[in-house]
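Trainee: I have a structure open in front of me and I don't know how to read it yet. Could you walk me through it?

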Amino acid sequence: MAVEKPQWRELFSEVVTSGLCTGCAACVIACPHPVLEYETDNGAYKPFHLDLDGGPDDCTHGQKGCTMCTRACPRFRNWESEIDIQRFARERTADEVWGVGDVLLARATDESLVENGQDGGFVSALLIYVLENDVVDAALVSGLEGDGSTWHAVPMVARTRDDVVTTAKSRYTYSANLLAYEEAVEGGAERIALVGMGCLASAPGAMQARKAGKVARRLSLTIGLLCSKTFDDSIFEKLFEAQYNIKRADILKMNIKGVFQLWTKDGGFHEIPLKEAQPYTREGCTLCPDFAAEHADLSTGGIGAFGDWTLVIVRTDLGRELLSAMKEKGLIETRPGDDDPGAVALLHKLARVSRKRWPETAVPGPRRLPVTPG
Ligand SMILES: Cc1cc2nc3c(=O)[nH]c(=O)nc-3n(C[C@H](O)[C@H](O)[C@H](O)COP(=O)(O)OP(=O)(O)OC[C@H]3O[C@@H](n4cnc5c(N)ncnc54)[C@H](O)[C@@H]3O)c2cc1C
Ligand code: SF4
Ligand code: SF4
């Protein structure tokens with residue numbers, strides 16, 4: 001019997017057009033031929049096959065045996081269990097709603113990183129540590145284009161402390177950070193850290209599980225961001241400006257803590273009910289089952305009672321090693337997850353809500369939940 005070699009044709013029908021595609025761009029960066037591109041116009045955030053070498057729904061390189069795009073895709077077929085096994089040497093159990101790992105709270109000891117970061121500045125401290133201590137050569141992060149006044153989030157490469165500091169904090173529109181991979185490699189990076197929400201954070205594991213060559217080897221550290229959804233760019237004009245008279249150029253910082261919080265440059269603070277933001281949910285997020293960035297080495301979030309702490313789920317040996325090295329060097333302080341039982345309960349609840357989004361028409365794994373409610 002011939003061995004199946006799933007290629008763009010299968011990816012296109014099973015992921016891109018079925019609604020499972022998150023727009024993570026893993027297929028685009030893994031493709032060894034110049035046939036896949038990425039569309040961001042009109043909030044699309046989707047890969048597409050150029051109208052050559054097989055056309056939009058097939059690929060002549062795939063017909064000849066290339067399978068790179070399906071190997072890279074963290075939503076293709078049994079992605080979750082394949083990556084679980086690659087990462088943790090076992091599949092997660094139904095009770096592990098937010099994945100495998102231990103929860104703690106952490107914050108940078110450098111107050112300027114806390115002040116400049118979204119929550120406890122933990123991600124910034126970690127990035128600076130791995131860049132300055134020869135753990136990685138570059139990191140794929142997200143920054144704002146130009147002077148920041150458009151609030152358009154774009155993938156960027158961070159190589160220095162300054163790069164990390166200028167790209168800190170959260171934007172809630174999509175940024176396919178993997179698209180900065182080529183720039184990092186062109187700059188000579190061989191060991192690359194990826195920062196990203198669950199959709200992005202599962203890509204290195206997918207590539208490693210399915211042996212997607214050099215890209216898989218280079219993505220050597222994954223820092224996850226907890227995430228329920230991202231929003232279309234139109235939220236700035238249609239909601240913030242039209243309903244609340246807040247122009248994008250005037251926004252200083254944003255956060256989501258049960259409500260959309262916006263700080264403006266004139267010292268103002270505004271809260272917008274999340275219900276009003278729902279219509280602007282990005283299409284690629286609607287079927288996403290992963291709140292907790294389940295395949296990252298460390299996942300980070302801002303839920304909890306303590307605003308200037310980052311909730312951290314440490315998942316892999318590499319994650320544990322980095323955490324203890326930073327603690328030993330006095331770069332972070334930590335406290336047990338038990339200090340904030342409300343945060344752990346909320347993590348569980350939000351992860352559960354996301355898992356229910358995975359459609360029944362796809363493989364059952366990501367919908368698996370414990371029998372008991374909660
Ligand atoms: C779209 C999005 C949704 C989120 N949703 C939740 C949530 O529902 N609940 C929760 O607890 N936490 C959520 N988070 C995580 C939270 O906002 C913080 O990123 C996390 O707690 C780390 O805080 P920090 O101070 O340690 O990070 P910082 O030190 O400020 O570093 C943040 C890092 O995130 C990167 N980043 C910023 N925006 C984006 C983006 N749009 N796409 C990719 N990378 C980006 C930055 O480049 C930086 O490297 C979300 C983050 C994002 C980006
Ligand atoms: S989920 Fe990511 S890798 Fe899969 S098809 Fe979409 S953009 Fe490509
Ligand atoms: S909800 Fe978050 S993790 Fe899921 S697809 Fe959207 S951005 Fe990615």
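Mentor: Let's go through the sheets, a few helices, the ligand surroundings and some backbone angles. Keep in mind that this is a predicted model.

Trainee: Okay, sheets. What order do the strands of the open sheet of eight strands have?

Mentor: To read a sheet, walk across it from one strand to its neighbour. Here the walk goes β5-β4-β6-β7-β11-β12-β3-β13, and the pairing is mixed. You start and end at the edge strands, β5 (153-158) and β13 (332-336), each of which pairs on one side only. On average, neighbouring strands in this sheet are turned by 30° against each other, ignoring direction.

Trainee: Mixed pairing? Which strands pair in the parallel sense, and which in the antiparallel sense?

Mentor: Take β11 as your viewpoint. With β7 it pairs in the parallel sense over three bridges, and I223 stands opposite L298 of β11. With β12 the pairing is antiparallel, over four bridges, and there T300 stands opposite V312. For another parallel case, look at β4 (residues 138-144) and β6 (residues 192-197), joined by three bridges. L140 has L194 in β6 as its bridge partner.

Trainee: Which residues of β11 are buried, and on which side?

Mentor: The general idea comes first. Side chains in a regular strand alternate between the two faces of the sheet. In β11, L298 and T300 are on one side, S299 and G301 are on the other, and all of them are buried. That covers both faces of β11.

Trainee: What about helices? How many residues of α7 are buried?

Mentor: For a helix, count the buried residues and then see what it packs against. Nine of the 11 residues of α7 are buried, so this helix is largely enclosed by the rest of the structure. Among the buried ones are F122, A125, L126 and I128. Helix α7 (residues 122-132) packs on the eight-stranded sheet, where it touches strands including β3 (102-108), β7 (219-225) and β12 (310-314). Its direction makes about 80° with that of β3.

Trainee: Which residues are buried in α1?

Mentor: In α1 they are W8, L11, F12, V15 and V16. They span an arc of only 110° around the axis, which means they sit on the same side of α1. What covers these buried residues includes α2, β2 (46-49), α3 (60-63) and α4 (68-72).

Trainee: Now the ligands. Which residues are closest to ligand 1?

Mentor: With a ligand, list the residues around it, then ask which elements they come from and what class they are. Ligand 1 is surrounded by 33 residues, and the closest are G117, V123, S124, V141 and G301. At least two residues of this shell come from each of α7, β4, β6 and β11. The classes are 13 nonpolar, 17 polar and three charged residues.

Trainee: And which residues come nearest to ligand 2?

Mentor: Out of 14 residues around ligand 2, C21, C24, A26, C27 and C73 come nearest. Helices α1 (8-16) and α2 (26-30) each supply at least two residues of this shell. The largest share, three residues, comes from α1. The class count for ligand 2 is 11 nonpolar, two polar and one charged.

Trainee: Which order does the open sheet of three strands have?

Mentor: Its order is β8-β9-β10, with antiparallel pairing. β8 and β10 (269-273) are at the edges with a single partner strand each, so one side of each has no neighbour in the sheet. The average turn between neighbouring strands here is 20°, direction ignored. β9 (residues 259-264) and β10 share five bridges, and the bridge partner of F260 in β10 is I272.

Trainee: Last one: the backbone angles. Where is D53, and where is N245?

Mentor: For a positive phi, check the residue type, then the place. D53 has a phi of about 45° although it is not a glycine, and it is found in the loop between β2 and α3. D53 has 16 C-beta neighbours inside 10 Å, so it counts as partly exposed. N245, also not a glycine, has a positive phi near 60° and lies in the loop between α13 (235-244) and β8 (251-256). N245 counts as exposed because it has 9 C-beta neighbours inside 10 Å. You can also look at D134, which follows α7 and has a positive phi near 60°.

Methods
Residues numbered from 1 in each chain as written. Chains lettered and ligands numbered in written order. Predicted model: local features only at pLDDT ≥ 70, side-chain atom pairs only at ≥ 80, totals over all residues. Pairing = 2+ DSSP bridges. Axes fitted to C-alpha atoms, helices over the stretch in contact; angles between N-to-C directions. Contact = placed C-beta atoms within 7 Å. Near = placed C-beta within 6 Å. Nonpolar A, V, L, I, M, F, W, Y, C, P; charged D, E, K, R; others polar. Buried ≥ 20, exposed ≤ 12 C-beta atoms within 10 Å, placed from the backbone. Arc of directions from axis to C-beta.
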